[in-house]
Amino acid sequence: MSISYDMYQEQILDHYKHPRNKGPLAGATKNARDSNPLCGDEVVLHVKLDGSERIAEVKFEGQGCAISQASASMLTTMVKGMPLSDAEGLGRDAVLKKLGIPLSAVRLKCALLSLHVLKLALGQKTDVGT
Amino acid sequence: MAKPAKILLNVPAIKADFPILQRTVRDKRLVYLDSAATSQKPKQVIDATSDFYSRYNANVHRAIYELGEEATREYEGAREKVAAFIQAKSPSEIAFTKSTTESINLVAYGYGVKGKIQKGDEIVGTVMEHHSNHVPWHFVKDHKGAVLKYVDVNDDGTLKMEQYDELLTNRTKIVTVTLCSNVLGTINPVKEIAKRAHEVGAICVVDAAQAAPHMPIDVQSLDADFLAFSGHKMLGPTGIGVLYGKQELFEATEPLLGGGEMIREVHLGWAKWNDVPYKFEGGTPNIAGAIGLGAAVDYLTKIGMDAVRGHEMEMTEYALEKLARLKGVQTYGPKDVNKRAGVVSFTIDGAHPHDIASILDVEGICVRSGHHCAQPLMERFSLPATARASFYIYNDVDDVDALVAGIKRVQEVFA
C-alpha cells in the first residue's frame, strides 16, 4: 500500500480524538508501560482478569502520535472480554489488520507499541518489533 | 506582508548543482527542509569523492608511490581548506574525526577522562545542548567525579547569561556550549561565554555542528579552545567530522584511538604519540570524506558565508512571519532573526509532530519530528516533541509556501 492520507482514515482519527477505555484502572492485576525511544510515544496498559481467566476490563494511558494512541484505543476494544489465552495469542497481523492502514517501517513501531505493552503486561516474551 | 527577499543567492542555479533536488517524491516536487539533520550534496562534492576512488585511491601518509602522494596531498589539502574556513592559525589545529559526536568525545576523553580534570572540578554546560554535547561530559563525571552544572534558557530561547556568571567559580575547568541550537535556532554569544570562562581559568568547548554550515566562523575571534562540527551538515559526506583545538591544548589532549597513523614509535608495551593533529587520527582515516568536505568548503566559500547567512536570515524571517499568521501554530526560539539561525521548531494544536511529519511527507515535504536529540531542552519547555523545518542555500520562499500549505493540510486532517 502506498503512503498517503489513508493513514489518517476516519476510524483512526476517531479513536485518536475520542479514545476508548482511556484512564487509570482501579484493581488492575496486570500493568505495563513502555515508550518508543525514537518518537517518545508512550503507552501504559492496565488489565483486570475475571474469575474465568477472561480480560474483564482493560484501560490505557499514554501520549503520542495519532497512530500510537489510536492503535492503543483499538487494541483495548479488541481484547476487552477476550479469554486470556486468546489475548496471549494475539499477533501483529491481527492488530495491523484491525488498523487497516498503510504504514511505513517507522510508523509500524508506533502502531505496534500497544501490542508490545500488552505482551509485557501479560508477562509474555515480546517480539512485535517496537 | 513579508518583504520580497533580496537576491543574495542564485537559488535556481544552486538547486541545479544538487542532483537529488531534481527528483520527485510520490510525484510531488521534493521540498527538503531537514538540512539541520543532514544537508544535501552538490555534484561538486559527489564528484570529488568519486574522483578519489576512481583516480587516485591509496592510503595516506604511507605510500611512496604517486597515487599515495596524490591522496595525501588532497587529504592534507582538505585540512588546509577547513583551517582557512574557520580562521584557524594552522592546519595542525584541525583533526579529522568521523562526526561532531566523536570530536566532542575526543575532548571529553582526552582532555577530561584521561586528562587533568580532578574530582570536584566543575564543567558548565547548558540545557539547550544536543545529546552529543551532554553525554560525553557524563563520562567525565562518572570517571573523574567532575561536577556538572547547566545554564538554563529564558522562555525566548536565549541563555540566562546572568545565571552563567553565577555558575562560574574557580573550580570551573570546562565550559561547553553550542554555537547554535539545533531545536531553537538560538545563536549563543560564544565570544562572551568564552571570555568569561577564560577569566576563571576554564577552557571553552564549542559545538558548531549547526553553526559551521550556516554562518562565518572565526575561531580566533571567538577565542574558542576547542570547536567541533560535521561534514555532512555542510554539503559534505557523512562520516567526516572536524575537531579544532588550539595548538597547546591539542598537545595537552590524549588520543581517543590507539593504532596506526597516530604513533611516532611503538614498542612492546609502550608507544610514543605522533605530532598533533595526527595523534588523534588512529587508523586509516575517511580519506574520501575529508576530500569531499574540502570540496564542500570550496563550494561554500565560493558562495560566501556572509551570503549564506544573509539568505537564511531572510528565509527564517519569511517563515516566522508566515507561521505566525496561522492560528493554532506555535514556533519556538528567538523571534529576532539576528539572534537565530534557520532552524524553526513548531507545533500544531491537536496534531502530534509525527503526524505532522507524516502528512507533510505525503506532500513531498521533509521535516524532522521528535525530540531532536535534545531531551533536556524539550523537558525545559514541557514539550514531548516538535516538528522542525530547517533551511539551507538551496531553499527558497516557494519551499516555505509549500510548508505553509502542508501545515494547513495537517490542520484539515486533524480538524
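This is a walk through chain A, the contact between the chains, and then chain B. The model is predicted.

**Stop 1: chain A as a whole**

Select chain A and colour by secondary structure. You should find five helices and three strands. Follow the chain along its sequence, and the pattern reads α-β-β-β-α-α-α-α.

Now look at the overall dimensions. The C-alpha atoms fill a box of roughly 45 × 30 × 25 Å along the principal axes. A compact globule of 130 residues would have a radius of gyration near 14 Å, and chain A agrees with this at 14 Å. Of its 130 residues, 41% are buried. Look at the contacts in chain A with a separation of 6 or more: residues 24 or more positions apart account for 62% of them.

**Stop 2: the sheet of chain A**

Select residues 30–35 of chain A, which are β1, and 55–63, which are β3. Add β2, residues 42–49. Together these three strands form an open sheet in the order β1-β2-β3, and the pairing is antiparallel. Each of β1(A) and β3(A) has a single partner strand, so one side of each has no neighbour in the sheet. Ignoring direction, neighbouring strands are turned by 15° against each other on average.

Zoom in on β1(A) and β2(A). Six bridges join this antiparallel pair. For one facing pair, pick A:Ala32, which stands opposite A:Leu45 in β2(A).

Next, show helix α2, residues 66–79 of chain A. This helix packs on the sheet and touches β2 and β3 of chain A. The direction of α2(A) makes about 175° with that of β3(A).

Then show helix α5(A). It lies across β1, β2 and β3 of chain A. It runs at about 140° to β1(A).

**Stop 3: a lysine in α5 of chain A**

Stay on α5(A), residues 105–121, and select A:Lys119. Is this lysine buried or exposed? A:Lys119 is buried, because 22 other C-beta atoms lie within 10 Å, and the cut-off for buried is 20 or more.

Show what surrounds A:Lys119. Leaving aside neighbours within four places in sequence, its contacts are A:Gln124, A:Thr126 and A:Val128. Then draw a distance from A:Lys119 to A:Gly89. Their C-alpha atoms are 9.6 Å apart, with their positions 30 residues apart in sequence.

**Stop 4: where the chains touch**

Show both chains and select the residues in contact. Chain A gives 14 residues to the contact, and chain B gives eleven residues. Colour the chain A side by residue class: nine are nonpolar, four polar and one charged.

**Stop 5: an enclosed strand in chain B**

Move to chain B and select residues 122–126, strand β5. Five of the five residues are buried, so β5(B) is largely enclosed by the rest of the structure. Which residues lie on each face of β5(B)? B:Glu122, B:Val124 and B:Thr126 are on one side, with B:Ile123 and B:Gly125 on the other.

Add β6, residues 147–151 of chain B. The two strands run parallel, joined by five bridges. B:Gly125 has B:Tyr150 as its bridge partner in β6(B).

**Stop 6: the four-stranded sheet of chain B**

Now find β13, β14, β17 and β16 of chain B. In that order they form an open sheet with antiparallel pairing. The edges are β13 (329–331) and β16 (368–370); each has a single partner strand, so one side of each is left without a neighbour in the sheet. From one strand to the next, the twist averages 30°.

Zoom in on β14(B), residues 343–348, and β17(B), residues 386–390. Four bridges hold this antiparallel pairing. Pick B:Phe346, and you will find B:Ala387 opposite in β17(B).

Helix α12, residues 353–362 of chain B, packs on this sheet. Its contacts are with β14, β16 and β17 of chain B, and its direction makes about 160° with that of β16(B).

**Stop 7: helix α11 of chain B**

Finish with residues 305–324 of chain B, helix α11. Its 20 residues span 28 Å from first C-alpha to last, close to the 28 Å expected at 1.5 Å a residue.

Show side chains along α11(B). Its buried residues include B:His311, B:Glu312, B:Glu314 and B:Tyr318. What do the buried residues of α11(B) pack against? They meet α10 (287–303), β13, β14, β17 and α14 (397–413) of chain B.

Note on methods: Residues numbered from 1 in each chain as written. Chains lettered and ligands numbered in written order. Predicted model: local features only at pLDDT ≥ 70, side-chain atom pairs only at ≥ 80, totals over all residues. Contact = placed C-beta atoms within 7 Å. Nonpolar A, V, L, I, M, F, W, Y, C, P; charged D, E, K, R; others polar. Pairing = 2+ DSSP bridges. Axes fitted to C-alpha atoms, helices over the stretch in contact; angles between N-to-C directions. Buried ≥ 20, exposed ≤ 12 C-beta atoms within 10 Å, placed from the backbone. Expected span 1.5 Å × (residues − 1). Rg over C-alpha atoms; globule rule 2.2 N^0.38 Å.
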